[in-house]
Amino acid sequence: MGYVRSHRQARQFVENLRRFRYREVMMVLATLAVVAGSVVLFPGFENVTRGVQSNVSTGLLALFAVVAICGGVIKGMLGFGYALVTTPIFASVIDPTLAVVVLAIPPWMINMFQIGETDTGLAFVREEWVLLALAVVGTIVGVVFLAEVQTGPIVPFLIGLVIFGYVAFQVLQNFVTVEEAHHPVALSVAGLLEGFLLAVANLGPLLPAYFHTFERDVERYVGGLSMVLGAIFTVRIIQMALFTDLLTTYRLWLGCVIAVVTVVGLLIGTALRRLAVAKVWFDRLVVGLLLVISLNIFRNTIPALFL
(Lines give C-alpha, C1' and ligand atoms only; values in the text may rest on other atoms or scores of the structure.)
Protein backbone atom coordinates (compact mmCIF):
# COMPACT_ATOMS: atom_id res chain seq x y z
CA MET A 1 0.00 0.00 0.00
CA GLY A 2 2.81 2.42 0.93
CA TYR A 3 4.65 1.68 -2.34
CA VAL A 4 1.50 2.32 -4.38
CA ARG A 5 0.89 5.60 -2.57
CA SER A 6 4.50 6.75 -3.06
CA HIS A 7 4.38 5.80 -6.75
CA ARG A 8 1.15 7.74 -7.18
CA GLN A 9 2.62 10.80 -5.42
CA ALA A 10 5.73 10.63 -7.61
CA ARG A 11 3.60 10.55 -10.74
CA GLN A 12 1.56 13.48 -9.47
CA PHE A 13 4.75 15.43 -8.74
CA VAL A 14 6.04 14.88 -12.28
CA GLU A 15 2.68 15.83 -13.75
CA ASN A 16 2.55 19.05 -11.70
CA LEU A 17 6.11 19.85 -12.75
CA ARG A 18 5.17 19.44 -16.41
CA ARG A 19 2.33 21.89 -15.84
CA PHE A 20 4.79 24.33 -14.20
CA ARG A 21 2.99 24.30 -10.88
CA TYR A 22 4.70 26.77 -8.57
CA ARG A 23 5.51 24.40 -5.69
CA GLU A 24 7.09 21.67 -7.81
CA VAL A 25 9.04 24.17 -9.91
CA MET A 26 10.45 25.85 -6.78
CA MET A 27 11.44 22.49 -5.29
CA VAL A 28 13.30 21.45 -8.43
CA LEU A 29 15.03 24.80 -8.89
CA ALA A 30 16.17 24.92 -5.24
CA THR A 31 17.48 21.36 -5.42
CA LEU A 32 19.29 21.99 -8.71
CA ALA A 33 20.84 25.16 -7.25
CA VAL A 34 22.46 23.37 -4.30
CA VAL A 35 23.48 20.37 -6.43
CA ALA A 36 25.11 22.71 -8.97
CA GLY A 37 26.88 24.58 -6.17
CA SER A 38 28.18 21.29 -4.76
CA VAL A 39 29.65 20.30 -8.13
CA VAL A 40 30.80 23.60 -9.65
CA LEU A 41 32.39 24.99 -6.47
CA PHE A 42 34.09 21.74 -5.41
CA PRO A 43 37.54 22.84 -4.09
CA GLY A 44 39.34 19.57 -4.87
CA PHE A 45 39.89 16.58 -2.60
CA GLU A 46 43.08 18.05 -1.14
CA ASN A 47 41.19 21.18 -0.01
CA VAL A 48 38.02 19.60 1.33
CA THR A 49 38.84 20.35 4.99
CA ARG A 50 41.12 23.37 4.60
CA GLY A 51 38.35 25.92 4.36
CA VAL A 52 36.86 25.02 7.75
CA GLN A 53 39.75 25.11 10.20
CA SER A 54 42.97 23.20 10.73
CA ASN A 55 41.67 20.73 13.32
CA VAL A 56 38.68 19.56 11.26
CA SER A 57 39.20 16.11 9.79
CA THR A 58 37.41 14.25 7.03
CA GLY A 59 35.75 12.15 9.72
CA LEU A 60 34.36 15.26 11.36
CA LEU A 61 32.93 16.41 8.04
CA ALA A 62 31.26 13.00 7.80
CA LEU A 63 29.78 13.66 11.25
CA PHE A 64 28.43 16.96 9.93
CA ALA A 65 26.68 15.00 7.19
CA VAL A 66 25.09 12.70 9.78
CA VAL A 67 23.93 15.70 11.83
CA ALA A 68 22.46 17.29 8.69
CA ILE A 69 20.56 14.08 7.89
CA CYS A 70 19.22 13.91 11.46
CA GLY A 71 18.17 17.55 11.22
CA GLY A 72 16.39 16.77 7.96
CA VAL A 73 14.61 13.82 9.60
CA ILE A 74 13.40 16.09 12.41
CA LYS A 75 12.25 18.70 9.89
CA GLY A 76 10.46 16.06 7.82
CA MET A 77 8.68 14.60 10.85
CA LEU A 78 7.82 17.75 12.79
CA GLY A 79 7.87 20.47 10.14
CA PHE A 80 10.47 22.48 12.09
CA GLY A 81 13.66 22.07 14.09
CA TYR A 82 16.38 21.72 11.43
CA ALA A 83 18.45 24.76 12.38
CA LEU A 84 17.64 24.36 16.08
CA VAL A 85 19.48 21.03 16.10
CA THR A 86 22.21 21.49 13.48
CA THR A 87 23.41 25.01 14.32
CA PRO A 88 24.39 24.47 17.99
CA ILE A 89 26.07 21.14 17.21
CA PHE A 90 28.10 22.62 14.36
CA ALA A 91 28.89 25.72 16.45
CA SER A 92 30.24 23.58 19.30
CA VAL A 93 32.80 21.93 17.00
CA ILE A 94 33.86 24.70 14.60
CA ASP A 95 33.94 28.47 14.77
CA PRO A 96 30.34 29.60 15.59
CA THR A 97 30.36 32.34 12.95
CA LEU A 98 31.46 29.82 10.32
CA ALA A 99 28.68 27.47 11.41
CA VAL A 100 26.06 30.22 11.17
CA VAL A 101 27.24 31.25 7.69
CA VAL A 102 27.50 27.74 6.23
CA LEU A 103 24.12 26.70 7.63
CA ALA A 104 22.35 29.57 5.87
CA ILE A 105 22.15 27.50 2.68
CA PRO A 106 20.10 24.42 3.77
CA PRO A 107 17.27 26.46 5.38
CA TRP A 108 17.08 28.58 2.22
CA MET A 109 16.53 25.41 0.19
CA ILE A 110 13.98 24.05 2.67
CA ASN A 111 11.95 27.28 2.64
CA MET A 112 12.01 27.36 -1.15
CA PHE A 113 10.41 23.91 -0.93
CA GLN A 114 7.64 25.24 1.30
CA ILE A 115 6.84 28.52 -0.45
CA GLY A 116 4.32 26.78 -2.69
CA GLU A 117 2.90 24.55 0.05
CA THR A 118 -0.31 26.59 0.25
CA ASP A 119 -1.92 29.29 -1.88
CA THR A 120 -1.80 31.86 0.92
CA GLY A 121 1.76 33.18 0.58
CA LEU A 122 1.15 36.01 -1.90
CA ALA A 123 -2.01 37.11 -0.09
CA PHE A 124 -0.05 37.16 3.18
CA VAL A 125 2.64 39.38 1.65
CA ARG A 126 0.01 41.85 0.39
CA GLU A 127 -1.58 42.00 3.86
CA GLU A 128 1.61 41.98 5.95
CA TRP A 129 4.13 43.83 3.76
CA VAL A 130 5.31 45.83 6.78
CA LEU A 131 6.25 42.56 8.50
CA LEU A 132 8.21 41.42 5.44
CA ALA A 133 9.99 44.79 5.11
CA LEU A 134 10.98 44.86 8.79
CA ALA A 135 12.18 41.25 8.61
CA VAL A 136 14.50 42.23 5.75
CA VAL A 137 15.73 45.26 7.74
CA GLY A 138 16.43 43.03 10.73
CA THR A 139 18.32 40.64 8.47
CA ILE A 140 20.54 43.38 7.03
CA VAL A 141 21.36 44.71 10.51
CA GLY A 142 22.03 41.16 11.75
CA VAL A 143 24.46 40.36 8.93
CA VAL A 144 26.37 43.59 9.63
CA PHE A 145 26.50 42.65 13.32
CA LEU A 146 27.75 39.15 12.51
CA ALA A 147 30.43 40.52 10.21
CA GLU A 148 31.68 42.87 12.95
CA VAL A 149 31.51 40.37 15.84
CA GLN A 150 33.10 37.27 14.34
CA THR A 151 35.09 36.19 17.37
CA GLY A 152 34.38 35.64 21.03
CA PRO A 153 31.54 33.92 22.86
CA ILE A 154 28.71 36.33 21.97
CA VAL A 155 27.44 34.41 18.93
CA PRO A 156 27.26 30.98 20.66
CA PHE A 157 25.70 32.69 23.71
CA LEU A 158 22.95 34.14 21.50
CA ILE A 159 22.45 30.69 19.98
CA GLY A 160 22.04 29.19 23.45
CA LEU A 161 19.69 31.99 24.51
CA VAL A 162 17.41 31.50 21.50
CA ILE A 163 17.33 27.72 21.98
CA PHE A 164 16.58 28.03 25.71
CA GLY A 165 13.77 30.48 24.95
CA TYR A 166 12.31 28.06 22.45
CA VAL A 167 12.45 25.19 24.98
CA ALA A 168 10.74 27.39 27.59
CA PHE A 169 8.03 28.24 25.08
CA GLN A 170 7.44 24.56 24.28
CA VAL A 171 7.05 23.78 27.99
CA LEU A 172 4.91 26.77 28.96
CA GLN A 173 2.47 26.44 26.07
CA ASN A 174 1.11 23.31 27.75
CA PHE A 175 0.09 25.32 30.84
CA VAL A 176 -0.92 28.71 29.41
CA THR A 177 -3.95 29.35 27.21
CA VAL A 178 -3.84 32.44 25.01
CA GLU A 179 -6.83 33.75 23.06
CA GLU A 180 -6.48 33.76 19.30
CA ALA A 181 -5.74 37.30 18.11
CA HIS A 182 -4.06 39.40 15.44
CA HIS A 183 -1.71 42.18 16.58
CA PRO A 184 -0.14 43.90 13.53
CA VAL A 185 2.40 45.93 15.54
CA ALA A 186 3.51 42.94 17.66
CA LEU A 187 3.70 40.81 14.52
CA SER A 188 5.89 43.36 12.75
CA VAL A 189 8.24 43.62 15.77
CA ALA A 190 8.46 39.83 15.84
CA GLY A 191 9.39 39.91 12.14
CA LEU A 192 12.14 42.49 12.77
CA LEU A 193 13.64 40.38 15.57
CA GLU A 194 13.22 37.22 13.50
CA GLY A 195 15.36 38.65 10.71
CA PHE A 196 18.04 39.76 13.17
CA LEU A 197 18.19 36.44 15.03
CA LEU A 198 18.34 34.40 11.84
CA ALA A 199 21.18 36.55 10.51
CA VAL A 200 23.20 36.45 13.73
CA ALA A 201 22.54 32.94 15.05
CA ASN A 202 20.80 31.08 12.20
CA LEU A 203 17.94 30.49 14.65
CA GLY A 204 14.58 32.19 14.51
CA PRO A 205 11.82 30.45 16.50
CA LEU A 206 10.32 33.80 17.55
CA LEU A 207 8.01 34.34 14.55
CA PRO A 208 6.82 30.69 14.38
CA ALA A 209 6.16 30.86 18.14
CA TYR A 210 4.15 34.06 17.65
CA PHE A 211 2.04 32.50 14.89
CA HIS A 212 1.53 29.35 16.92
CA THR A 213 0.47 31.31 20.02
CA PHE A 214 -1.72 34.07 18.58
CA GLU A 215 -2.61 33.34 14.95
CA ARG A 216 -3.54 29.69 14.77
CA ASP A 217 -4.50 29.65 11.08
CA VAL A 218 -2.32 26.84 9.71
CA GLU A 219 -2.80 27.71 6.03
CA ARG A 220 -1.89 31.35 6.61
CA TYR A 221 0.96 30.27 8.90
CA VAL A 222 2.61 27.91 6.40
CA GLY A 223 2.25 30.13 3.37
CA GLY A 224 3.12 33.40 5.11
CA LEU A 225 6.01 32.13 7.18
CA SER A 226 7.64 30.42 4.20
CA MET A 227 7.45 33.71 2.26
CA VAL A 228 9.02 35.69 5.11
CA LEU A 229 11.76 33.13 5.81
CA GLY A 230 12.46 32.69 2.12
CA ALA A 231 12.97 36.45 1.77
CA ILE A 232 15.15 36.60 4.90
CA PHE A 233 17.47 33.80 3.80
CA THR A 234 17.73 35.12 0.24
CA VAL A 235 18.66 38.64 1.37
CA ARG A 236 21.01 37.22 3.97
CA ILE A 237 22.92 35.02 1.51
CA ILE A 238 23.21 37.81 -1.09
CA GLN A 239 24.40 40.33 1.50
CA MET A 240 26.99 37.92 2.98
CA ALA A 241 28.29 37.03 -0.48
CA LEU A 242 28.47 40.52 -2.01
CA PHE A 243 29.00 42.97 0.84
CA THR A 244 31.00 41.08 3.47
CA ASP A 245 33.75 38.49 3.55
CA LEU A 246 31.55 36.03 5.45
CA LEU A 247 30.35 33.81 2.57
CA THR A 248 33.49 32.66 0.77
CA THR A 249 33.42 30.28 -2.18
CA TYR A 250 34.42 27.38 0.07
CA ARG A 251 31.71 28.14 2.63
CA LEU A 252 29.12 28.39 -0.13
CA TRP A 253 30.24 25.00 -1.47
CA LEU A 254 30.10 23.40 1.99
CA GLY A 255 26.64 24.85 2.60
CA CYS A 256 25.41 23.44 -0.71
CA VAL A 257 26.83 19.99 0.12
CA ILE A 258 25.10 20.01 3.52
CA ALA A 259 21.86 21.08 1.82
CA VAL A 260 22.07 18.15 -0.62
CA VAL A 261 22.64 15.74 2.27
CA THR A 262 19.71 17.31 4.12
CA VAL A 263 17.35 16.22 1.34
CA VAL A 264 18.02 12.60 2.35
CA GLY A 265 16.94 13.35 5.90
CA LEU A 266 13.84 15.20 4.70
CA LEU A 267 12.74 12.17 2.69
CA ILE A 268 13.32 9.84 5.65
CA GLY A 269 11.46 12.13 8.04
CA THR A 270 8.53 12.49 5.67
CA ALA A 271 8.32 8.70 5.31
CA LEU A 272 8.38 8.25 9.10
CA ARG A 273 5.62 10.83 9.49
CA ARG A 274 3.46 8.93 7.02
CA LEU A 275 4.09 5.74 8.98
CA ALA A 276 2.56 7.51 12.00
CA VAL A 277 5.65 7.26 14.19
CA ALA A 278 4.84 8.62 17.68
CA LYS A 279 5.23 12.36 17.07
CA VAL A 280 4.63 13.38 20.70
CA TRP A 281 7.53 11.35 22.08
CA PHE A 282 9.80 12.38 19.21
CA ASP A 283 8.93 16.02 19.86
CA ARG A 284 9.77 15.62 23.56
CA LEU A 285 13.07 13.99 22.69
CA VAL A 286 14.00 16.94 20.48
CA VAL A 287 13.05 19.49 23.17
CA GLY A 288 15.07 17.58 25.77
CA LEU A 289 18.08 17.48 23.46
CA LEU A 290 17.81 21.21 22.81
CA LEU A 291 17.67 21.91 26.56
CA VAL A 292 20.90 19.97 27.11
CA ILE A 293 22.57 21.78 24.20
CA SER A 294 21.56 25.23 25.45
CA LEU A 295 22.76 24.53 29.00
CA ASN A 296 26.09 23.28 27.67
CA ILE A 297 26.47 26.46 25.59
CA PHE A 298 25.75 28.59 28.67
CA ARG A 299 28.34 26.61 30.65
CA ASN A 300 31.00 27.51 28.10
CA THR A 301 30.02 31.12 27.33
CA ILE A 302 28.63 32.74 30.50
CA PRO A 303 31.97 32.66 32.40
CA ALA A 304 33.74 34.31 29.47
CA LEU A 305 31.08 36.99 29.05
CA PHE A 306 30.01 37.87 32.57
CA LEU A 307 32.54 36.48 35.07
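Are Phe 64 and Phe 90 buried or exposed? Phe 64 is buried, and Phe 90 is buried too. Please keep in mind that the model is a predicted one. Here are my notes on it, point by point.

1. **Overall make-up.** The protein chain holds 14 helices and zero strands. Followed along the sequence, its pattern reads α-α-α-α-α-α-α-α-α-α-α-α-α-α. The chain has 307 residues, and 47% of them count as buried. Its accessible surface is about 15400 Å², with 69% of that belonging to carbon and sulfur atoms. If you look at contacts between residues at least 6 apart in sequence, 83% of them join residues at least 24 apart.

2. **The phenylalanine pair.** A pair of aromatic rings is described by the distance of the centres and the angle of the planes. The count for this model comes to ten aromatic pairs. One of them is formed by Phe 64 and Phe 90, which are stacked, at 4.3 Å centre to centre and with 20° between the planes. This pair links distant parts of the chain: Phe 64 sits in helix H3 (residues 58-78) and Phe 90 in helix H4 (residues 82-93), 26 residues apart. As said at the start, both residues are buried.

3. **A pair inside one helix.** Tyr 250 and Trp 253 make an aromatic pair that is tilted, with 5.5 Å centre to centre and 50° between the planes. Both residues belong to helix H13 (residues 249-274), where they are three residues apart, about one turn of the helix. Tyr 250 has a relative accessible area of 12%, so it counts as buried. Trp 253 is buried as well, because its relative accessibility is 6%. For both, the cut-off to have in mind is under 20%. These two residues also join Phe 42 and Phe 45 in one aromatic cluster, which would be a nice place to start when you open the model.

4. **Where H4 meets H9.** Helix H4, the home of Phe 90, also packs in contact with helix H9. The axes of H4 and H9 (residues 154-172) come within 11 Å and cross at roughly 150°. This crossing is left-handed. On the H4 side, the contact is made by Leu 84, Thr 87, Pro 88 and Ala 91. On the H9 side, Ile 159, Ile 163 and Tyr 166 take part. Sorted by class, the contact has six nonpolar residues, one polar residue and no charged residues.

5. **Val 286 and Gly 81.** Val 286 is found in helix H14 (residues 279-306). With a relative accessible area of 5%, Val 286 falls under the cut-off and is therefore buried. The C-alpha atoms of Val 286 and Gly 81 are separated by 8.2 Å, while the two residues are 205 residues apart along the chain.

6. **A backbone angle to look at.** Which sign does phi of Asn 202 have? The value is positive, near 65°, in a residue other than glycine. As background, most residues other than glycine have a negative phi. Asn 202 lies in the loop between helix H10 (184-201) and helix H11 (206-214). Why does Asn 202 count as buried? Because its relative accessible area is 1%, and the cut-off is under 20%.

Key
Residues are numbered from 1 along each chain as its sequence is written. This is a predicted model: local features need pLDDT of at least 70, side-chain atom pairs count only at pLDDT 80 or more; totals for chains, interfaces and linings use all residues. Side-chain values use heavy atoms; hydrogens and water are left out. Rings of Phe, Tyr and Trp (its six-membered ring) pair if their centres lie within 6.5 Å; planes under 30 degrees apart count as stacked, over 60 as edge-to-face and the rest as tilted. Helices (H or I, at least four residues) and strands (E, at least two) are DSSP runs, numbered from the N terminus. Buried means under 20% relative accessible area, exposed over 50%, partly exposed in between (1.4 Å probe, protein chains only). Axes are lines fitted to C-alpha atoms, for helices over the stretch in contact, and angles run from 0 to 180 degrees between N-to-C directions. A crossing is left-handed if the near helix is turned anticlockwise from the far one by less than a right angle, and right-handed if clockwise. Contact means heavy atoms within 4.5 Å. Ala, Val, Leu, Ile, Met, Phe, Trp, Tyr, Cys and Pro count as nonpolar, Asp, Glu, Lys and Arg as charged, and the others, Gly among them, as polar. Accessible areas come from the Shrake-Rupley method with a 1.4 Å probe; for residues, only the protein chains shown count as cover.
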